[in-house]
Structures are given as C-alpha cells and as structure tokens.
Amino acid sequence: MKRMQNLAASILLTLTATSWALDSDRKQKITLDGGGCVTNQKTYKTECPNGLVIKQGTMKIKAQYGLISHKDKGIQMIKMTGVPAHFEQKMESGEVMVILAKQMDYAKEEEKIYLKGDVKITSDMGTTTGQEMEINLLTQEISSVSDDPEQQFHMEIVPDND
C-alpha cells in the first residue's frame with residue numbers, strides 16, 4: 001500500500017514539473033552570502049549560523065542556517081534549515097516556482113534536493129504539500145518520499161493549468 005501511495009504521489013508530482021527552471025540559470029555564477037560564516041579548511045566545511053542566501057540567475061534560496069561542504073573548488077553538499085527555508089526560481093513559462101520547507105539539502109553528486117518538514121511547492125499549475133519530498137534535477141521529477149505510512153500528500157491543481 002505504501003509503495004502504491006508513493007508511486008501515485010510521484011506520478012502526480014511529476015505533473016507539477018511541466019515547466020522547469022530557465023536553462024540559462026544553470027550557466028550563471030553561484031553566489032553564497034551569509035552572516036557570521038566560518039570556513040574550516042581541514043574539514044572542507046563552511047557554517048553560516050546566522051543565515052545563508054544562495055543566488056544563481058533567477059534562483060534564490062534563503063535559510064536561517066546553512067552548512068556547505070566543499071572540496072576541490074566545488075560544492076559537494078548544502079544543508080539549509082529555516083522556519084521555513086525559502087526557494088524561488090523563474091520557470092520557462094515565466095511563472096515563479098516557490099518551495100518552502102523546514103530543511104532543504106542539496107546533494108551535488110546525486111543532483112537532488114531533499115525537502116523535509118511542512119513542504120509546500122507552489123507553481124503556476126497549483127500547490128503540492130507533504131512532509132518529505134525529493135527533487136531530481138536531472139529527470140525533473142518531484143517525489144513524495146517517507147518511511148512513515150501516515151505521511152500526508154496533498155495536491156491542488158488550478159483549473160486550466162493541468
């Protein structure tokens with residue numbers, strides 16, 4: 001039953017990704033700004049306990065706390081938390097997609113963003129909510145994921161946008 005719920009949620013959530021981010025955004029430089037950030041050269045980590053803002057093209061992420069793992073001149077992982085953390089990006093359609101979650105983790109090697117805690121994704125198609133979701137940046141799929149059979153998934157589709 002749980003597998004069937006996750007499959008149904010994955011299929012439905014894929015519909016929300018019909019108009020994805022601007023291709024030109026991925027070619028823009030990434031800027032990271034934070035308050036009180038400390039970089040440890042031995043552990044290859046930068047901690048931003050007073051907030052973190054990441055920008056790339058039309059993408060903007062704001063979090064109350066950020067932890068960046070980096071090595072060999074590149075970002076490996078970014079962990080962000082907030083009440084909630086805020087992600088927004090302009091889509092090919094011209095609309096802006098907004099993602100809110102208590103925790104957002106970007107794993108570069110996997111090309112995935114993991115979302116946890118009161119997740120809300122709003123796009124021109126509608127609104128999707130749940131407790132744990134995963135965005136695959138390569139396949140442009142959004143999946144509802146959880147080991148908890150009680151996890152709720154909810155989607156509202158705006159008429160004429162389906």
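**Notebook: strands, core and disulfide**

I began at Asn 136, where a polar atom of the side chain lies 3.0 Å from the backbone nitrogen of Thr 139. The model I am reading is a predicted one. I placed Asn 136 in strand E10. Is Asn 136 buried or exposed? Its relative accessible area is 16%, and the limit for buried is under 20%, so I entered Asn 136 as buried. I then listed its contacts, leaving aside neighbours within four places in sequence, and found Glu 111, Lys 112 and Glu 141.

**Entry: the whole chain**

I looked up the secondary structure next and noted one helix and 12 strands. Along the sequence the helix comes at the start of the pattern, and the strands follow it. The chain has 162 residues, and 38% of them count as buried. For the accessible surface I wrote down about 9700 Å², with 51% of that area belonging to carbon and sulfur atoms. I also checked how far along the sequence the contacts reach. Among contacts with a separation of 6 or more, 43% are between residues 24 or more positions apart.

**Entry: E7, E8 and E9**

Glu 111 had come up as a contact of Asn 136, and I found Glu 111 again in the turn of the hairpin formed by E8 and E9. Four residues lie between these two strands, and Glu 111 has a positive phi of about 55°. E8 and E9 run antiparallel and pair over eight bridges. As one position to check on screen, I noted Val 98, which stands opposite Thr 122 in E9.

How many bridges join E7 to E8? I recorded 11, again with the strands antiparallel. Here Lys 90 stands opposite Val 96 in E8. The hairpin of E7 and E8 has five residues between the strands, and Gly 94 takes a positive phi near 100°.

**Entry: the nonpolar core**

I turned to the largest nonpolar core, which has 24 residues. Which of its residues touch the most other members? I listed Met 80, Ile 99, Met 104, Leu 115 and Ile 121. Strands E4 (52–56), E5 (59–63), E7 (74–90), E8 (96–107), E9 (112–123) and E10 (126–136) each give two or more residues to this core. E7 gives the most, with five residues.

I picked Met 104 for a full contact list, again without its neighbours within four places in sequence. The list holds Ile 61, Ile 78, Lys 79, Met 80, Ala 85, His 86, Phe 87, Ile 99, Tyr 114 and Leu 115. Three of the names from the core list, Met 80, Ile 99 and Leu 115, therefore appear as contacts of Met 104.

**Entry: the disulfide**

I searched the whole structure for disulfides and found one. Cys 37 and Cys 48 form it, and their sulfur atoms are 2.1 Å apart. The two cysteines are 11 residues apart and link distant parts of the chain. Cys 37 is in the loop between strand E1 (31–34) and strand E2 (38–40), while Cys 48 is in strand E3 (residues 45–48).

Why is this disulfide called right-handed? The torsion about the S-S bond is about 115°, so I entered it as right-handed. Last, I looked up the accessibility of each cysteine. Cys 37 has a relative accessibility of 33%, so it counts as partly exposed. Cys 48 has a relative accessible area of 1%, so it is buried.

Note on methods. Residues numbered from 1 in each chain as written. Predicted model: local features only at pLDDT ≥ 70, side-chain atom pairs only at ≥ 80, totals over all residues. Heavy atoms only, no water. Core = buried A, V, L, I, M, F, W, Y, C linked by side-chain atoms within 4.5 Å. Buried < 20%, exposed > 50% of the residue type's maximum accessible area, 1.4 Å probe, protein only. Contact = heavy atoms within 4.5 Å. Disulfide = S-S within 2.5 Å. Areas by Shrake-Rupley, 256 points an atom, 1.4 Å probe, with all protein chains shown as cover. Pairing = 2+ DSSP bridges. Polar contact = N/O pair within 3.5 Å; in protein donor to acceptor, adjacent residues only side chain to side chain.
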